[in-house]
Amino acid sequence: METVQSRDKQGRVADAPSGHWVYRVLPRPVWPYAQLARWDRPIGWWLLLWPCWWSTAMAASAGGRLGASLADMLPSPLVLALFLVGAVAMRGAGCTYNDLVDQRIDEQVARTRSRPLPSGQVSRRQAWAFLAAQALAGLLVLLQFNGFTILLGIASLAVVAIYPFAKRFTNWPQFFLGLAFSWGALMGWAVEFATLAAPALLLYAGAILWTIGYDTIYAHQDKEDDALVGVKSTARLFGSRTKFALTMLYSGALLFFAMAFMEADVPFPALAGLVAAAFHMVRQIRVLDIDDPDQCLRLFKSNSHLGWLVFLGLLGGAVWAGISPGL
């Protein structure tokens, strides 16, 4: 199914993959809602999920010692599953809200004018109703956690509400995206300990810098259209200095991640995941061509692989501690 959606015909959104399961499995009346939630572009919920899973794994193995019970060192599968469901629901709700706020802008940008609202596939009332349904699903997930985590999750809504407007008043909308998308770095720790501490805050800071970096790459796809409609971004701000800026952002992210792991006293082999992530970041910067939108999208999506590297490093450290003889 190759048709790109417009006011005259239904199809896929311009930057969504053709032949996606959304278009092969779901009935046509459901397509616009799947597009609002970005089910046809799962990279967003993966990027929202990774700080949640990192924090959960870091909290589970915090202070771990050789010979500790492996079950005690690994994150709870139930908590990981709840974060997965919550990430899909809340990423969908956030994207629906973003599309409602940005409808007039999206109508003027080639990549986004095929979205359901600009193309007239759904009404604003229908979009608001779908937003409420997704938010309710996210709330049901949140209510499975302790009281402190519930309040912390609700507090994130303030940042989520501000983000779509950031591109109108600052060159750093990616910073506000980082505040929202990195919130899971606090949540995983809060689920385990019902409080916050230095490791969670350091992980959050690193995830913010990582988010600014990968979303700068993403924003280079739209920089010409953004300039025409007056939308601000770090891609426009950094311009030809993007590689240098990414070097600073990714280096800072890795430093904060390493400090978080050391503050949490996770098993030392977990740092191997950060080393692998560093090589991945170096490759992104080295090959980046900011004037190639297709490559920018590919590099942006590759950050899900980076998420796996960090997460598997934490799991590997926990397993190593659990199967090694105690001191």
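**View 1. Trp-54 is a buried residue, with a relative accessible area of 1%.** Buried here denotes under 20% relative accessible area, exposed denotes over 50%, and partly exposed covers the values in between, as computed with a 1.4 Å probe on protein chains only. The structure is a predicted model, in which local features need pLDDT of at least 70 and side-chain atom pairs count only at pLDDT 80 or more, whereas totals for chains, interfaces and linings use all residues. Residues are numbered from 1 along each chain as its sequence is written, and side-chain values use heavy atoms, with hydrogens and water left out.

**View 2. Aromatic pairs that link distant parts of the chain, beginning with Trp-50 and Phe-311.** Over the whole structure, 25 aromatic pairs are found. The rings of Phe, Tyr and Trp (for Trp, the six-membered ring) are paired if their centres lie within 6.5 Å, and the planes are called stacked when under 30 degrees apart, edge-to-face when over 60 and tilted otherwise. Trp-50 and Phe-311 make a tilted pair, with 5.9 Å between the centres and 50° between the planes. Trp-50 belongs to helix H3 (residues 43–60) and Phe-311 to helix H17 (residues 303–323), so that 261 residues separate the two partners; helices are DSSP runs (H or I, at least four residues), as strands are (E, at least two), and they are numbered from the N terminus. Trp-50 is buried at 0% relative accessible area, and Phe-311 is buried at 4%. Trp-54 and Phe-257 form an edge-to-face pair, 5.2 Å centre to centre and with 75° between the planes. This second pair also joins distant parts of the chain, with Trp-54 in helix H3 and Phe-257 in helix H14 (residues 242–264), 203 residues apart. Like its partner, Phe-257 is buried, at 1% relative accessibility. One aromatic cluster is formed by Trp-45, Trp-46, Trp-50, Trp-53, Trp-308 and Phe-311.

**View 3. Lys-167 with its ring and its acid partner.** Lys-167 lies over the face of Tyr-163, 5.6 Å from the ring centre; for such a placement, NZ of Lys or CZ of Arg must be within 6 Å of the ring centre and within 35 degrees of the ring normal. Lys-167 also forms a salt bridge with Asp-102, and the closest N and O atoms of the two are 2.8 Å apart. Because Asp-102 sits in the loop between helix H5 (77–101) and helix H6 (103–106) while Lys-167 is in helix H8 (residues 147–169), the pair ties together parts that are 65 residues apart in sequence. A salt bridge requires a side-chain nitrogen of Lys or Arg within 4 Å of a carboxyl oxygen of Asp or Glu, and by this rule the count comes to eight. Asp-102 and Lys-167 are both buried.

**View 4. Arg-115 and Asp-106 in a network of salt bridges.** Arg-115 and Asp-106 form a salt bridge in which the closest N and O atoms are 3.5 Å apart. Arg-115 is buried at 7% relative accessible area, and Asp-106 is buried at 5%. The network links these two residues with Arg-38 and Asp-99.

**View 5. Arg-91, a buried residue without a salt bridge.** Arg-91 is part of helix H5. The nearest side chain of opposite charge is that of Asp-40, 6.4 Å away, where Lys and Arg count as positive and Asp and Glu as negative, while His and the chain ends are not counted. The side chain of Arg-91 reaches the backbone oxygen of Arg-41 at 2.7 Å, a polar contact (a pair of N or O atoms within 3.5 Å, of which, within protein, one must be able to donate a hydrogen and the other to accept it, and for which residues adjacent in sequence count only if both atoms are side-chain atoms). Leaving aside neighbours within four places in sequence, the residues in contact with Arg-91 (heavy atoms within 4.5 Å) include Arg-38, Arg-41, Trp-45 and Phe-181.

**View 6. The buried residues of helix H16 (residues 293–301).** The buried residues of this helix are Gln-295, Cys-296, Leu-297, Leu-299 and Phe-300. They pack against H3, helix H11 (198–219), helix H15 (271–287) and H17.
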